[in-house]
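Colleague: I should like to understand how the descriptions of a model follow from its values. May I put some questions to you?

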Amino acid sequence: MAELRLIDAINQALHEEMERDERVLVLGEDVGRKGGVFGATEGLYDRFGGERVIDTPLAESSIVGVAIGMAANGLLPVAEIQFADFIFPAMNQILSEAARMRYRSNGAFGCPLVIRAPYGGGVHGALYHSQSVEAFFAHIPGLKVVVPYHPGDAKGLLKASIRDPDPVLFFEHKKLYRMVRGEVPEGDYIVPLGKAAIRREGKDLSVFAYGLMLHEALVAAEEVAKEGIDAEVVDLRTLRPLDKETLLASVRKTNRALIVYEDNGFLGYGAELAAILAEEAFFDLDAPIMRVTGPEVPAVPYAPPLERWFMPDARRIAEAMRRLAQY
Amino acid sequence: MESKEARGVREIESRHQALGLAGEHLLEMYYYMALARALDERMWVLQRAGKVPFVISGQGHEGAQAGVMYAIDRDLDWFVPYYRSVCAVLMKGMTPRELMLSLFAKAEDPSSGGRQMPGHYGHPRYKILSTSSPVGTQYPHAVGIAYAAKVRKTGEICVVSIGDGGTSQGDWHEALNFASIHRCPVVFVVENNGYAISVPQELQMAVRDIAVRAQGYGIPGYTVDGSDVLAVYAVAKEAVERARRGEGPSLVECKVVRLTAHSSDDRQEKYRPVEELEAIRSVDPLVVFRHYLERAGIMDEAKYTEIHTRIREEVDDATTYAELAPYPDPLTATRHVYFEENGE
Ligand SMILES: Cc1ncc(C[n+]2csc(CCOP(=O)(O)OP(=O)(O)O)c2C)c(N)n1
């Protein structure tokens, strides 16, 4: 099995799906000749040509809107939004159209569409190249939301997303693209949507995270392990539909829950996890649910000391783990 | 009989004189263009040397910006820039130190206190509206500023700029529509360098000249060679005067060249042919304008040296100043999310 980076795994999944099914096509800004600003679509233009690898005009609303029409008429579009921060011009198309197409037509029309977008901070991206936008979309019934951490998952989940009959938002942490390598099974490897993965088994407390924060949580878990705290680290992978069973089972085992996300805390994705745990696992908890999140400012500032100030990291997560373990 | 050279000089002189410009005006424009270029080049050097993580700038766009900004009232009027507006914001009053402070993301950066990436200009004192990254959002803002100027009878007009790719956004079209209905005193500038990162104009739009779109909104549209400062000035002046007279907006498309990669994160050799990259050097607005000034007898070797010596000193000073300036204190990071009673 090959050890690949996240970016390579995504590229491989796109190549394989386009090869396997000619209905699959890719569209977005700079996805063609340039191969994407991060290189995710590298090589697709040369292999499949301009009809199936479309360098679109600089207009996100039409990238998604046109993709919705393509999906209605037999294609399987994978739209790229260059940065998650620039998905908002397409918000109306995603929320009002893609998410509601099936419901409003009473099941007559579907919307098999994938929207990929790099998200997250820690890369000197400042306010508009660092945002975590998953909560906006995870809020919406009709959408599915995926955030891979492991390169193998990135391939398997992207393939599952492309084959899914409903619209999927696929958020890739840009700092993870070239940061870690992981085993990526060759060939037609699928990771089903809606299943979390336990990345580290533990008995003292459970940490729930995704994307870059999952990586930081794993680092923190090894750190506190030296002090005798045995943390379980759960990779949520699919934020909607959520794998509630794995979430609840883990807390029933460890009786302590720490939720980590990079977005600012207030009404972020982890707020829903906390609500579910409070509703359904209250009597299993030996300690208050804790969160480590980004601070309550609109976005990640640029100057290095400010960016460091913003980003939740292994150190902060380890501190929270220690406090939680002491309860 | 008059010599060929003498006739050349006379024709040239008649060009700028016909526009009401004297030699000193042209030298001021040249100074700003050359200053913008020198600062811009220094920014790239600093990025390459690992002193700053990122640069995005305007090499090749200086002529268009100088021509437009020279046509407005730089004290009275508003400007809504974009990330290539290096020369324009300098002409609007920002200093080399201020630009370098934003490059280094230092606390004293007047645009954002080090919060935004470089190139996101803004300055309340010079009526330069704060800018974001999402392409196109600035166009409607300019319309609102112009509308307010009309309602409040301030006499101001507003100039807004964008690239060719940005004209694909709904915001761009919606702004033109709104402004033309209400005859807002705004000048819509497009700095068309033929690319949006790697996407060439023919994949961006099916028209050759963006200015033709003005027709769809019932306003005048001009296409002008952005490497020809005087041609840009002439067109911009018309648009500014029309706005000032209360007759409404105009669209000015300046054909420019992007001499660098899109940003320090891009490699343009991947999608632009070498011949093209060589050819655009010949229409470098700075070279073209220098040539004009020399032929018109406005700038000789000594003048050139004098200007460039001054510029080198300013760029050195700005670099040192900004490099030594302190970063913002993380304790300030939660400030200005909302209005503060005693907020600076
Ligand atoms: C809404 C939005 N989508 C995508 C981007 C990423 N992006 C930044 S600049 C750029 C290209 C802009 O091209 P153009 O408008 O032609 O201006 P130029 O850079 O050529 O001057 C893109 C796609 C963005 N900043 N905002």
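Colleague: Which atom of the ligand does a polar side-chain atom of Asn193(B) lie 2.9 Å from?

Modeller: The model is a predicted one. In it, the polar side-chain atom of Asn193(B) lies 2.9 Å from an oxygen atom of the ligand. The protein covers 97% of the 580 Å² of accessible area that the ligand has on its own.

Colleague: What makes the pair formed by Arg84(B) and the ligand a polar contact?

Modeller: A polar contact is a pair of N or O atoms within 3.5 Å. A polar side-chain atom of Arg84(B) lies 2.7 Å from an oxygen atom of the ligand, so this pair counts as a polar contact. For Gly165(B), a polar backbone atom is 2.7 Å from an oxygen atom of the ligand, and therefore this pair also counts as a polar contact.

Colleague: Where does the ligand lie, and which residues are the closest?

Modeller: The ligand lies between chains A and B. It is surrounded by 22 residues, of which the closest are Glu60(A), Tyr83(B), Arg84(B), Gly165(B) and Tyr195(B). The shell divides into nine nonpolar, nine polar and four charged residues.

Colleague: Why are helix 2 of chain B and helix 3 of chain B called oblique to each other?

Modeller: The axes of helix 2 (residues 23-48) and helix 3 (residues 62-71) of chain B come within 10 Å and cross at roughly 135°. Angles over 145 degrees count as roughly antiparallel, and those from 65 to 115 as roughly perpendicular. The angle of roughly 135° belongs to neither range, and therefore helix 2 and helix 3 of chain B are oblique to each other. Their crossing is right-handed.

Colleague: What makes helix 6 of chain B roughly parallel to helix 7 of chain B?

Modeller: The axes of helix 6 (residues 138-152) and helix 7 (residues 170-182) of chain B come within 8 Å and cross at roughly 15°. Angles under 35 degrees count as roughly parallel, which makes helix 6 of chain B roughly parallel to helix 7 of chain B. The crossing of helix 6 and helix 7 of chain B is left-handed.

Colleague: What kind of peptide bond joins Arg240(A) and Pro241(A)?

Modeller: The bond is cis, with omega about 0°. Pro241(A) lies in the loop between strand 12 (238-240) and helix 9 (244-254) of chain A.

Conventions: Residues numbered from 1 in each chain as written. Chains lettered and ligands numbered in written order. Predicted model: local features only at pLDDT ≥ 70, side-chain atom pairs only at ≥ 80, totals over all residues. Heavy atoms only, no water. Near = heavy atom within 4 Å. Polar contact = N/O pair within 3.5 Å; in protein donor to acceptor, adjacent residues only side chain to side chain. Areas by Shrake-Rupley, 256 points an atom, 1.4 Å probe, with all protein chains shown as cover. Nonpolar A, V, L, I, M, F, W, Y, C, P; charged D, E, K, R; others polar. Axes fitted to C-alpha atoms, helices over the stretch in contact; angles between N-to-C directions. Helix = DSSP H or I, 4+ residues; strand = E, 2+ residues; numbered from the N terminus. Left-handed = near helix turned anticlockwise from the far one by under 90°.
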